[in-house]
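Colleague: Please take a close look at the surroundings of the ligand, and set out the criteria as you go.

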Amino acid sequence: GMHLHPLNYALGLADAAERQGVEIYENSRVLNYSKGSISQISTDHGKVRAKIVVLACNAYLEKLEKRIAGKIMPINNFMLATEPLEESEARYINRDNVCAHDNMFHVHYFRMSEDNRLLFGGGENYTTKFPEDLKSYVRKTMLDVFPNLKQTKIDYAWGGTIAVTVNRMPHLGRLDSNVYFAQGFSGHGIAMASLAGTILAEAIDGSTGRLDVFNKVKIPTFPGGTFLRWPGFYLGMIYYSIKDRL
Ligand SMILES: Cc1cc2nc3c(=O)[nH]c(=O)nc-3n(C[C@H](O)[C@H](O)[C@H](O)COP(=O)(O)OP(=O)(O)OC[C@H]3O[C@@H](n4cnc5c(N)ncnc54)[C@H](O)[C@@H]3O)c2cc1C
């Protein structure tokens, strides 16, 4: 996923959907939905009725659907972009201009932008807030991997909230005859969420073969359910952070 520009990808998908006649409503948070052959969906700006419901809220699902909320844990992941680097410096840290990630539990991933900035991802937290000084927060992790960039200015830093599952497998399936869901892409959703969308569309269209395969994948519930999953998860993450450093 890191290979592409995710916003342009999202805009491209929206454009393609609209060309097929889909109407997209932004800024309409779904607060609840009713079960039944026609679902009544309440948003903070009005109501809609739908024959089919797809829950694709990922890390932001919260209490909208209790039956799947305990399968995911929201975590924040962060990135930065350095100032543009000299060509020689860029080739020194990334000779073949590749997009790469390491195999740490708390993964580091990076590539160069077209204007030779290092785009570096790494560093996460598990609270409802992002660190105040995000640039410094991610820079610290970047310097673990690229200590020679100590003098390099950080121009941008940003982050988002992703949903992880216990075994890092995506969680998709059907809850009722007309309610589907896809979530828990565990940091790999660019390709996987797109595949999940295709598989759900196939199932809604009557071909459930590929969805049945995913239904067989067991996704454990986080110990403690939606309320008490945090302490165990937090301790687990600290344990793996220490292991990464050994
Ligand atoms: C810093 C960072 C780097 C990443 N790097 C990579 C990478 O290199 N490769 C990769 O594959 N993945 C990467 N990811 C993960 C990837 O972004 C996610 O896996 C992917 O976005 C999941 O897609 P999704 O559609 O399931 O969820 P999201 O993209 O989170 O979309 C969920 C949507 O649902 C909407 N929503 C939520 N709740 C409601 C509600 N109640 N009512 C209405 N709408 C609602 C939200 O507004 C949002 O638009 C990265 C994530 C971050 C934060």
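Modeller: What follows describes the ligand shell and then one residue within it.

This is a predicted model, in which local features need pLDDT of at least 70, side-chain atom pairs count only at pLDDT 80 or more, and totals for chains, interfaces and linings use all residues. Residues are numbered from 1 along each chain as its sequence is written, and side-chain values use heavy atoms, with hydrogens and water left out.

The ligand is surrounded by 20 residues, the closest being Val30, Gly187, His188, Gly189 and Ile190; a residue is included if one of its heavy atoms lies within 4 Å of the molecule. Strand 5 (73-82), strand 9 (154-164) and helix 5 each contribute at least two residues to this shell, and helix 5 gives the most, with three residues. Helices (H or I, at least four residues) and strands (E, at least two) are DSSP runs, numbered from the N terminus.

Backbone atoms take part in polar contacts, that is, pairs of N or O atoms within 3.5 Å. A polar backbone atom of valine 30 is 2.7 Å from a nitrogen atom of the ligand. For glycine 187, a backbone N or O atom lies 3.0 Å from a ligand nitrogen atom, while a backbone N or O atom of isoleucine 190 lies 3.0 Å from a ligand oxygen atom. Of the 990 Å² of accessible area that the ligand has on its own, the protein covers 69% (Shrake-Rupley method, 1.4 Å probe).

Isoleucine 190 belongs to helix 5 (residues 189-204). This residue counts as partly exposed because its relative accessibility is 31%, where buried means under 20%, exposed over 50%, and partly exposed in between (1.4 Å probe, protein chains only).

Methods: A polar contact is a pair of N or O atoms within 3.5 Å; within protein, one must be able to donate a hydrogen and the other to accept it, and residues adjacent in sequence count only if both atoms are side-chain atoms.
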